[in-house]
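I opened this notebook to keep a record of what I looked up in one structure, going from the whole chain down to single residues. The entries are kept in the order in which I worked.

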Amino acid sequence: MKKVCVFLADGFEEIEGLTVVDILRRAGIETETVSVMGRKEISGSHGITVLADLLFEEASMEDTDMLVLPGGMPGTLNLKAHEGLRELLCDFDGRGKLIAAICAAPSILSGLGMLRGRKACAYPSFEAELDCGEVQSQPVVTDGHITTGRGMGAAIPFALRLTALLEGDEKAEEIRESIVYEA
């Protein structure tokens with residue numbers, strides 16, 4: 001079974017984080033929410049409190065297939081500030097393992113040099129911060145092992161793309177139909 005870790009920090013965009021968790025779990029993909037705040041209770045950018053499955057310090061990443069970063073403010077800044085997460089992202093990137101970020105969170109990957117020479121997208125006000133080969137305005141962009149999404153309105157296509165990367169296009173289409181999502 002494939003395994004994904006979605007990282008949560010105070011101020012994360014709830015729809016971007018939880019849509020990914022919901023759709024991946026519907027697809028039968030083991031998906032854990034991981035807090036980088038030192039506590040499991042996380043307050044989203046719109047005041048919705050979420051209980052993470054694990055603390056970063058408790059999570060085992062050995063068998064993890066993909067890391068996902070939701071955007072939102074100040075969630076993106078809180079994720080970026082976590083040294084252990086930055087090191088983990090660099091390790092995954094170095095090994096060519098799957099990494100995904102949406103909205104403001106692609107700026108974290110850019111700051112770590114992971115987008116150089118790649119096509120990527122981000123929330124429009126963060127596009128200028130992307131150090132990448134080409135900024136695109138598509139809802140979701142996959143270039144190699146890195147997938148980026150533009151923002152909350154792209155949360156479903158972003159999650160469906162991650163499903164396709166992990167379990168194939170047929171599974172993603174099955175989930176798309178089951179949730180009555182019209183692209």
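The entries below go from overall shape to the sheet, the cores and a few chosen residues.

**Entry 1: the whole chain**

I noted before anything else that this is a predicted model, and I read every value with that in mind. I looked up the secondary structure and found that it comes to 6 helices and 11 strands. I then checked the radius of gyration, which is 15 Å and close to the 16 Å that the globule rule gives for 183 residues, so the protein is as compact as a globular protein of that length. The C-alpha atoms, taken along the principal axes, fill a box of roughly 35 × 35 × 35 Å. I also looked up burial, and 52% of the 183 residues count as buried. For the contacts between residues at least 6 apart in sequence, I found that 63% join residues at least 24 apart.

**Entry 2: the sheet**

In which order do the 7 strands of the open sheet run? I read the order as β5-β2-β1-β6-β7-β11-β10, with mixed pairing. β5 and β10, the latter spanning 140-143, are the edge strands, and each of them pairs on one side only.

I then followed β2, residues 30-35, and found it mostly covered, with 5 of its 6 residues buried. Its pairing with β1 is parallel and runs over 6 bridges, and within that pairing I found Val 34 of β2 as the bridge partner of Phe 7. Between β1 and β2 the chain passes through helix α1, residues 14-26, and I recorded this β-α-β crossover as right-handed. β2 also pairs with β5, residues 54-55, again in the parallel sense, over 2 bridges. There I found Val 34 opposite Leu 54 and Ser 35 opposite Leu 55.

**Entry 3: the nonpolar cores**

I looked up the largest nonpolar core, which has 30 residues, and asked which of them touch the most other members. They are Phe 7, Leu 67, Leu 69, Leu 79, Leu 85, Leu 89 and Leu 109. At least two residues of this core come from each of β1 (3-8), β6 (66-69), α3 (83-94), β7 (98-102) and α4 (106-111). The largest share, 4 residues, is supplied by α3. A second, separate core has 25 residues, and I noted Val 6, Val 21, Val 68 and Ile 102 as being included in it.

I picked Leu 109 for a closer look at its contacts, leaving aside neighbours within four places in sequence, and found Leu 69, Leu 89, Ile 99, Ala 101, Met 114, Leu 115 and Ile 146.

**Entry 4: Ser 35 and Arg 39**

Is Ser 35, a residue of strand β2, buried or exposed? It counts as buried, because its relative accessible area is 0%, and the cut-off for that label is under 20%. Beyond its neighbours within four places in sequence, I found Ser 35 in contact with Leu 8, Lys 40, Ile 42, Ala 52, Leu 54, Leu 55 and Phe 56. A polar atom of the Ser 35 side chain lies 2.5 Å from the backbone oxygen of Arg 39, which led me on to that residue.

Arg 39 lies in the loop between β2 and β3 (41-43). I classed Arg 39 as partly exposed because its relative accessible area is 35%, which falls between the 20% and 50% limits. Not counting residues up to four places away in sequence, Arg 39 touches Asp 10 and Leu 55. With Asp 10 I found a side-chain to side-chain polar contact of 2.4 Å, and a polar atom of the Arg 39 side chain also lies 2.5 Å from the backbone oxygen of Glu 41. As a check on distance across the model, I took the C-alpha atoms of Arg 39 and Gly 117, which are 78 residues apart along the chain and separated by 37 Å.

**Entry 5: Ala 105**

My last look-up was Ala 105, in the loop between β7 and α4. Although placed in a loop, Ala 105 counts as buried, at 0% relative accessibility. Leaving aside neighbours within four places in sequence, I found Ala 105 in contact with Leu 69, Pro 70, Gly 71 and Thr 76. From Ala 105 to Leu 166, 61 residues apart in sequence, the C-alpha to C-alpha distance is 21 Å.

How values were computed:
Residues numbered from 1 in each chain as written. Predicted model: local features only at pLDDT ≥ 70, side-chain atom pairs only at ≥ 80, totals over all residues. Heavy atoms only, no water. Core = buried A, V, L, I, M, F, W, Y, C linked by side-chain atoms within 4.5 Å. Buried < 20%, exposed > 50% of the residue type's maximum accessible area, 1.4 Å probe, protein only. Contact = heavy atoms within 4.5 Å. Pairing = 2+ DSSP bridges. Right-handed = clockwise from strand over helix to strand, strands pointing away. Polar contact = N/O pair within 3.5 Å; in protein donor to acceptor, adjacent residues only side chain to side chain. Rg over C-alpha atoms; globule rule 2.2 N^0.38 Å.
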